[in-house]
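User: I would like to learn how to read the packing, the burial and the ligand surroundings in a model such as the one shown below. Could we go through it feature by feature?

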Amino acid sequence: MAEKKLDIPQDMQSSLVPEMLNLDSKIQFNCHKNISCYNQCCKQADITLTAYDIVRMKQHFDMDSSEFLKTYTVPFEMDAHGTPGVKMRTDDDSVCIHMTEEGCGIYENRPSACRYYGMGVMSRRDQGSTEDYYVYFRNKEDICKGWEEDHEQTVGEYRESQGLLDYDEYNREWMQLILKKKSAGYSIGKPSDMSMQLFFMASYDLDRFKRFIESPAFAKVYLLEQAEKDKIVSDDIELMKFGYRFMRHVLFGEESIPMVENAYEKRYEERKDIIEMRHKVEVDEYKRKEEERKKEALRVDDERQDDGHDADACHGDSCK
Ligand code: SF4
Ligand code: SF4
């Protein structure tokens, strides 16, 4: 299965850009159990998961998010900054581990990318507007015979038949976060490991994020009314939405969560010894690596010179 086009606002001016469709556009597509390519798309699975996909699937399996991620997903980097992403685990032949002879083993909670197979979707924003909207396009893979069927429907009907309304609503903000990160970068230079870890936790590992929200460490920095906190930690969707808010706050400095006065300074004071110790370890490690690098460069230089001498010797009288 080719990777789904959930976030690809590439060069829209390119002559290769496919025809853009809206919800009223008519398409001729059908996917059903008797089609000759049934299950073929699941045998070449390359499924990037969204935050909401993971909520649905961890609920399906009644699993803690950390356990779910370990069992059913593989990590990958979504961009050159190393923004963490997760993909559905497959077997060694790229067959999705949820595929059964009868079809998808998690059909009612299958990810967005599987629901959109056959279609591509992307979020757009017109110049000067603050509103995003989705546009759609045909994604005609050779293996997919759905486009040869004569069933006519609108994109909106297709979307509804695939149960995508919730998915589109909840994925929208997460995709905006990723697009914002891609276009604007993080607030200060290259993202730190810590911001990447927070992105991972707030996007995918929601049960760990919940434990973080309930921890004294969170309360020392962020001010949330108890009623609001209770609402967030008792519902996965609320938790996911708070995760989006948290990422905007932490990654883009939007200050969407009230903070304890001088929280960072107080936290620094409390953890000063640990932070300085960590810093020292990092500096020592950097020096050690630099030392090794220099030694290696010297060793390679020496070897080159030795080779040069040997070559000279071989071309001299002693080799005749
Ligand atoms: S999750 Fe289901 S629909 Fe998606 S690739 Fe796996 S088996 Fe196919
Ligand atoms: S019609 Fe397309 S989406 Fe449906 S089973 Fe065949 S390849 Fe998969």
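**Reading the packing, the strands and the ligand shells**

Analyst: We can begin with a pair of helices, bearing in mind throughout that this is a predicted model. Ile54, Met57 and Lys58 in H1 meet Ser65, Phe68 and Tyr72 in H2. Sorted by class, this contact of H1 with H2 holds 4 nonpolar, 1 polar and 1 charged residues.

User: Which angle and which distance between axes describe the packing of H1 and helix H2?

Analyst: The general idea is that two packed helices are described by the angle between their axes and the distance between the axes. In this structure H1 and H2, the latter covering residues 65–72, pack at about 95° with their axes 10 Å apart. An angle from 65 to 115 degrees counts as roughly perpendicular, and H1 and H2 are therefore roughly perpendicular to each other.

User: How do H7 and H10 lie relative to each other, parallel or perpendicular?

Analyst: The reading proceeds in the same two steps. Helix H7, residues 206–214, packs with H10 at an angle of about 75°, and their axes are 10 Å apart; H7 and H10 are therefore roughly perpendicular to each other. In this contact Leu206, Phe209 and Lys210 of H7 meet Asp236, Leu239, Met240 and Gly243 of H10, and the residues involved divide into 4 nonpolar, 1 polar and 2 charged.

User: Turning to burial, is H1 enclosed or open, and how many of its residues are buried?

Analyst: Burial is read from a neighbour count, in which a residue is buried if 20 or more other C-beta atoms lie within 10 Å of its own. In H1, 8 of the 10 residues are buried, so the helix is largely enclosed by the rest of the structure. The buried residues of H1 are Ala51, Tyr52, Asp53, Ile54, Val55, Arg56, Met57 and Lys58, a list in which Asp53, Arg56 and Lys58 stand beside residues such as Ile54 and Val55. For the protein as a whole, buried residues make up 23% of the 320 residues. Just after H1, Asp62 takes a positive phi of about 50°.

User: How should I read strand S6, and which strand is joined to S6 by bridges?

Analyst: For a strand, one can consider the cover and then the pairing. Strand S6, residues 119–125, is mostly covered, with 5 of its 7 residues buried. Its pairing is with strand S7, residues 132–138, to which S6 is joined by 7 bridges in an antiparallel arrangement; within this pairing, Met122 has Val135 in S7 as its bridge partner. The hairpin of S6 and S7 has 6 residues between the strands, and there Gly128 takes a positive phi near 85°.

User: Which residue other than glycine has a positive phi near 80°, and where does that residue lie?

Analyst: That residue is Asn39, whose phi is near 80°. Asn39 is placed in the loop between S1 and H1, and because 16 other C-beta atoms lie within 10 Å, Asn39 is partly exposed. Another case is Glu255, with a positive phi near 50°, which sits in the loop between helix H10 (236–252) and helix H11 (263–315). Glu255 has 9 C-beta neighbours inside 10 Å and therefore counts as exposed.

User: Why does Lys33 count as exposed, and which residues does Lys33 touch?

Analyst: Lys33 counts as exposed because it has 8 C-beta neighbours inside 10 Å, where 12 or fewer is the cut-off. Lys33 lies in the loop between strand S1 (26–28) and helix H1 (51–60). Leaving aside residues up to four places away in sequence, Lys33 touches Tyr38 and Gly103. Lys33 and Glu102 are 69 residues apart in sequence and 8.5 Å apart in space, from C-alpha to C-alpha.

User: Finally, which residues surround ligand 1, and which surround ligand 2?

Analyst: A shell is best read by its members and then by their classes. Ligand 1 is surrounded by Cys42, Ala45, Ile47, Cys96, His98, Met99, Cys104, Ile106, Arg110 and Cys114, a shell of 8 nonpolar, 1 polar and 1 charged residues. Around ligand 2 are Cys31, Ile35, Cys37, Tyr38, Gln40, Cys41, Tyr117, Gly118, Ile143, Cys144, Lys145 and Gly146, which by class give 8 nonpolar, 3 polar and 1 charged. Tyr38 belongs to the shell of ligand 2 and is also touched by Lys33.

Notes. Residues are numbered from 1 along each chain as its sequence is written. Chains are lettered from A and ligands numbered from 1 in the order in which they are written. This is a predicted model: local features need pLDDT of at least 70, side-chain atom pairs count only at pLDDT 80 or more; totals for chains, interfaces and linings use all residues. A residue is near a molecule or strand if its C-beta atom, placed from the backbone, lies within 6 Å of it. Ala, Val, Leu, Ile, Met, Phe, Trp, Tyr, Cys and Pro count as nonpolar, Asp, Glu, Lys and Arg as charged, and the others, Gly among them, as polar. Helices (H or I, at least four residues) and strands (E, at least two) are DSSP runs, numbered from the N terminus. Two residues are in contact if their C-beta atoms, placed from the backbone, lie within 7 Å. Two strands pair if DSSP finds at least two bridges between them. Axes are lines fitted to C-alpha atoms, for helices over the stretch in contact, and angles run from 0 to 180 degrees between N-to-C directions. Angles under 35 degrees count as roughly parallel, over 145 as roughly antiparallel, 65 to 115 as roughly perpendicular and the rest as oblique.
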